[in-house]
Amino acid sequence: MPVPVPFWRAKTLAAMTRAEWESLCDGCGRCCLHKLRDEETDALAFTEVACRLLDIASCRCADYERRRRWVPDCVKLTPRRVAAADWLPPTCAYRLLAEGKDLPWWHPLVSGDPETVHRAGVSVRGRAVRERDAGAFEDHVAAWPGRWPRRAGPPPPALPRPRAAGAGPRTVVRRVPAAAAARAPGRGARNGTA
Ligand code: SF4
Ligand code: SF4
């Protein structure tokens, strides 16, 4: 009997149901870190400072359904925004699939265990700084949120193409921070994130 193909290999991002889309988030919390964008050069810098709504122990938004009441510039991820985002970490499932790659071994949909994203060193657990404790964001610029961690193993291979065609674009709700980020140089950008 043929093995069923997982939805993320069979469908485009735009063809996924909302439940499928939401399940792609690995809970790493990286997109909920503030970012800084230089107004003149457009250069992006990641920081270790978490959005004030991020629970830095669980790496989850503390009030996801109502987050925009508290953080109006929290970005909703959509397939189109994912394709244009330069602020999503290289480990982000949305970015990986948009680049035609598979999900890695530590992704909860693959491992069946929500803890593997932490064990692989992908999440912000133990590394994020609370916004209220941070002071100047410029003092917390870090490279790791934009890098693939060694413990996570090699990045996943490309998926065979073409993927099955799907329905047309669908509006999806996924938090993401910072993208909207670009403001005055040195200002925090609400992460896109996680
Ligand atoms: S960036 Fe958005 S999703 Fe992330 S913690 Fe803040 S409000 Fe929640
Ligand atoms: S949306 Fe944010 S929390 Fe979810 S996988 Fe991508 S970077 Fe991680």
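## A covered strand, its hairpin and the core

Both faces of strand β1 are covered in this predicted model, with L33, K35 and R37 buried on one side and H34 and L36 buried on the other. In a regular strand the side chains alternate between the two faces of the sheet. Strand β1 spans residues 33–37, and 5 of its 5 residues are buried.

The partner of β1 is strand β2, residues 44–50, and the two pair in the antiparallel sense over 4 bridges, one of which joins L33 to A50 of β2. Together β1 and β2 make a hairpin with 6 residues between them, and in the turn D42 has a positive phi of about 70°.

A50 appears again in the largest nonpolar core, which holds 43 residues and in which A50, L54, A93 and Y94 touch the most other members. The elements that contribute two or more residues to this core are β1, β2 and α5 (93–98). In soluble globular proteins, nonpolar side chains tend to be buried together.

Elsewhere, G121 lies in the loop between α7 (116–119) and α8 (131–134), and G121 counts as partly exposed because it has 18 C-beta neighbours inside 10 Å. The C-alpha atoms of G121 and W148 are separated by 9.1 Å, although these residues stand 27 residues apart along the chain.

The table lists contacts of L54 and G121, leaving aside residues up to four places away in sequence.

| Residue | In contact with | Sequence neighbours left out |
|---|---|---|
| L54 | G29, C32, C61 and A128 | up to four places away |
| G121 | P149, R151 and A152 | within four places |

Terms used. Residues numbered from 1 in each chain as written. Chains lettered and ligands numbered in written order. Predicted model: local features only at pLDDT ≥ 70, side-chain atom pairs only at ≥ 80, totals over all residues. Buried ≥ 20, exposed ≤ 12 C-beta atoms within 10 Å, placed from the backbone. Pairing = 2+ DSSP bridges. Contact = placed C-beta atoms within 7 Å. Core = buried A, V, L, I, M, F, W, Y, C linked by C-beta atoms within 7 Å.
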